[in-house]
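Biologist: I am new to this structure. Please take me through one part of it closely, the sheets and what packs on them.

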Amino acid sequence: AAPGRASVSAVLPAGGCGERLGGATPKQFCAVQGRPLVSYAVRAMERISWISDIIVVVSPENIETMKTIIEKYGHKRVTVVEGGITRHRSIFNGLKVFGENEFSSHLLQKPEVVIIHDAVRPFVEEDIISKVVMAAKEHGAAGAIRPLVSTVIASAPDGCLDHSLERARYRASEMPQAFLFDIIYEAYQQCTDYDLDYGTECLHLALKYCKTNAKLVEGTADLWKVTYKRDLYAAESIIKENLSQQVCVITNVKETLAQVGFLLPESLKSQIKVEAISISLSKNDSCLQNIISGQCYNYVCVNEKRCALQEIQELVDMLEKSNIPLLCPVVLILVYLDISENNSFSIGMEDLTTIKKFARETKKKNILVYGLLIQYK
């Protein structure tokens, strides 16, 4: 449920031209690990079940591009809105979808709280979003902040140092920010053309026009935004690192298999995050669904059947529907655990051919299947 049972929606401004990045492609549409940056930000919001609607605001020339991204990556609950010539005008357009029939052919239900988050900040987590939303519900407005990295100085007209600010007293304003919808919408309705054309800080509008003092919430280090080309490389590095940090070990409920399913996580947990579950893959298990929706890319399935591909197909189907293989390959290791007294350490040619064919088919879906045969006593 949403924090404090509030109805919550999100507005993601994605209309910038990316001048500081350089190149012809706006940064929000640049590919990171083969996927547009904006898709990561949408996914971050989409994974939170209590966010009702996600409004992505893009420049007129990129509307079709954004719609194609939504379709390709299977994004849900997303509405694309035409942006304005500045950041504030774009955000205002996103808010109008909830408030003005003339602006949208499909007027969305007005939320109690609206999140505003840059489309070029891909690594936001549910925890900080929840904290900001809860603070906004109590105070009317809230935003994530971070300590200043550099000291801020002011220069005199002659180009020499005038004065500097005491860094400990100041913070950098980050995203996400959240507002009671009525407050931020009223602030935008009242603000001047100068605010809309030259302003960037939403919290300031709430203070200036609605006398709402925002609650400041300490954010995490991953709230930075992609601004320069080097930031794209940093984002790619973070994504690659995250892909290798979690593995899901799946066994069925039989005692011997469950025992091995326990030993494997024990040996791995000092190196990576391990989720271990004992389930029947033929059933649509909610625990497994949650692990998949959390974007786990590595799976080990321990089974006593030499060729239990029907059950594994259930997992492949779940992974395919989740769309995560569209981003990076999913690694699926099938472990056949031979617990018989027979010392014959072999697998039939027919079984081997079936497994190879299965692996070839799943590779087309960006799911890489490997097999292990282990004799266990």
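Modeller: What follows is a walk through two sheets, their helices and a surface patch. Keep in mind that this is a predicted model.

Start with the sheet of 7 strands. It is open, and its order is β5-β4-β1-β6-β10-β7-β11. The pairing is mixed. Look at the two ends. β5 (78-82) and β11 (215-218) stand at the edges. Each has a single partner strand, so one side of each is left without a neighbour in the sheet. Neighbouring strands here are turned by 25° against each other on average, with direction ignored.

Now go to one pair inside that order. Strand β1, residues 8-13, pairs with strand β6, residues 113-116. The two are parallel, and 4 bridges link them. To find the pairing by eye, take V11, which stands opposite I116 in β6. In general, strands of a sheet pair through backbone hydrogen bonds, either parallel or antiparallel.

Helices come next. Helix α5 covers residues 181-190 and packs on this sheet. It touches β6 and β10, and its direction makes about 110° with that of β10. Helix α2, residues 63-72, lies across β4 (51-58) and β5. Helix α2 runs at about 175° to β5.

Stay with β10 for a moment. The loop between β9 (161-164) and β10 (171-180) holds Y170. Is Y170 buried, exposed or partly exposed? Its relative accessible area is 31%, so Y170 counts as partly exposed, a class that lies between 20% and 50%. Y170 also belongs to a nonpolar surface patch, made together with V152 and L165. The patch has an area of about 210 Å².

Now move along the chain to the other sheet. Here 5 strands form an open sheet, in the order β13-β12-β14-β15-β16. The pairing in this sheet is parallel. Its edge strands are β13 (273-278) and β16 (367-375), and each pairs on one side only. Neighbouring strands are turned by 20° against each other on average, again ignoring direction.

Look closely at β14 and β15. Strand β14 spans residues 298-303, and strand β15 spans residues 330-338. They run parallel, joined by 6 bridges. One partnership to pick out is V302 with V335, its bridge partner in β15.

A helix packs on this sheet as well. Helix α11, residues 309-322, touches β12 (246-251), β14, β15 and β16. The direction of helix α11 makes about 160° with that of β15.

Notes:
Residues numbered from 1 in each chain as written. Predicted model: local features only at pLDDT ≥ 70, side-chain atom pairs only at ≥ 80, totals over all residues. Heavy atoms only, no water. Pairing = 2+ DSSP bridges. Axes fitted to C-alpha atoms, helices over the stretch in contact; angles between N-to-C directions. Contact = heavy atoms within 4.5 Å. Patch = residues over 30% accessible without salt bridge, like charges linked within 9 Å, V, L, I, M, F, W, Y side chains within 5 Å. Areas by Shrake-Rupley, 256 points an atom, 1.4 Å probe, with all protein chains shown as cover. Salt bridge = Lys/Arg side-chain N within 4 Å of Asp/Glu carboxyl O. Buried < 20%, exposed > 50% of the residue type's maximum accessible area, 1.4 Å probe, protein only.
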